[in-house]
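Student: Please take a close look at a single part of this model, the aromatic side chains and their partners, and set it in the context of the whole chain.

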Amino acid sequence: MSGRELFCQPRRVRRGAALTLVFAGLLVTGAATGAFPHPGQSDRKTPTGAARAADRHEDVAKAAADAMADGKSPMEAAERAVSRSGDRWAAVYSEGEYQEFEEALDGQYTGVGLWARRERDGRIEVTKVQAGSPAATAGIRKGDRLRSVDGADVDGRPVTDVVSLLRGDATDARAGTTVTLGLERGTHTWRETLRRALLSTDSVTVRKLSAGITVIRISAFTKGSGDLVRDAVRQAPADGGIVLDLRGNSGGLVSEAVTAASAFLDGGLVATYDVDGAQRALHADAGGDTARPLVALVDGGTMSAAEMLTGALQDRGRAVVLGSRTFGKGSIQMPTRLPDGSVAELTVGHYRTPSGHTVDGRGITPDLEVGSGALARAETVLSGLGDPS
């Protein structure tokens, strides 16, 4: 729903538990924003490394082209070639899936504007309706029960399956296509046919707690989210701490994660990375707020660019990190467009935190392991960090 290099959320997670009603599987690009070089376009010449990346992509593209010439599925041929590569993060996406990712880069998604959860009895309940969305226009409210989608009963189904039905994943549904919902409110049941639309995500939300504490939640690093974080920091009370909530953040634009880091750092290193052996570094801008106490909340759903930000704040002593170990996605993929419009991604490099910690496959260990009640614990930690003045 809800040709460039990228830090990318793995496909198996994008299609699994990390899916929400606002699609969170975001392409995390570097080259599109100038953050990363393309293979063969680095300051240091690395012909062998560049050839390795180019060869891998060429092999997949050739398999797809040969399959098309033989009247077979290019996407299936590419998937077989990717599987043979041994690259655990490699994947192939349909043209429709990739278009959704590109929309997500702009902070947009195609859907009807519903958030939902599954209750203990298996019922699917609407938890939020986006203002101005097709669902809001139809009068659907928080607390309504979602009984069916296009005639398919959703009781007892995982929310991710419900998301897929609402989005029309099976048919790569676009904005303007319709979806019929079966709904219940009290004793009233009815059907509502909605037309999917291109909607904006709320990737950064800000709220105030007691004692002047500001909570900045980043659900994904979409375009403009870094500036929203900086604005939130500037507007936060001078005598209050900040909680940066990165739980469930599946990644996003690397440039935006660096901008977010710049809100809390006065320049310096954010991360290093390599692309087939060519070493690079990402730096924060000078002038960030280094005074206010800061706690970062993370969990197993904190991934990719969100892990990069967490690692920078932790390694540089800027934040106390609370929660559970992060996902461990620290690789860089390069996409290749195939003859039928599908896209193949192959890993070309990895990134490290300022202290040289490798994130891929390991994740980031928080300073304090916290399960439930993480936000309350963050408030306690902030009170112990004292007055920033």
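Tutor: The accessible surface of the protein chain comes to about 16,100 Å², and carbon and sulfur atoms account for 46% of it. The model is a predicted one. Of the 389 residues, 54% count as buried, and the secondary structure consists of ten helices and 20 strands.

A search of the whole structure returns one aromatic pair. Its members are tryptophan 89 and phenylalanine 327, in a tilted arrangement with 6.2 Å from centre to centre and 45° between the planes. The pair joins distant parts of the chain, 238 residues apart: tryptophan 89 lies in the loop between α3 (74-85) and β2 (91-93), and phenylalanine 327 in the loop between β17 (320-323) and β18 (331-337).

The two partners can also be described by their exposure. Tryptophan 89 has a relative accessible area of 4% and is therefore buried, the cut-off being under 20%. Phenylalanine 327, at 27% relative accessibility, counts as partly exposed.

The ring of tryptophan 89 has a further partner: the charged end of lysine 329 sits over it, 5.3 Å from its centre. Another such contact involves tryptophan 115, with the charged end of lysine 128 over its ring at 4.5 Å from the centre.

Aromatic residues also occur in strand pairing. Tyrosine 273 stands opposite tyrosine 351 in β19, where β14 and strand β19 (residues 343-352) pair in the antiparallel sense over two bridges. Strand β14 (residues 269-275) has six of its seven residues buried, so it is largely enclosed by the rest of the structure. β14 also pairs with strand β15 (residues 278-283), in the antiparallel sense over six bridges.

Notes
Residues are numbered from 1 along each chain as its sequence is written. This is a predicted model: local features need pLDDT of at least 70, side-chain atom pairs count only at pLDDT 80 or more; totals for chains, interfaces and linings use all residues. Side-chain values use heavy atoms; hydrogens and water are left out. Helices (H or I, at least four residues) and strands (E, at least two) are DSSP runs, numbered from the N terminus. Buried means under 20% relative accessible area, exposed over 50%, partly exposed in between (1.4 Å probe, protein chains only). Accessible areas come from the Shrake-Rupley method with a 1.4 Å probe; for residues, only the protein chains shown count as cover. Two strands pair if DSSP finds at least two bridges between them. Rings of Phe, Tyr and Trp (its six-membered ring) pair if their centres lie within 6.5 Å; planes under 30 degrees apart count as stacked, over 60 as edge-to-face and the rest as tilted. A charge sits over a ring if NZ of Lys or CZ of Arg is within 6 Å of the ring centre and within 35 degrees of the ring normal.
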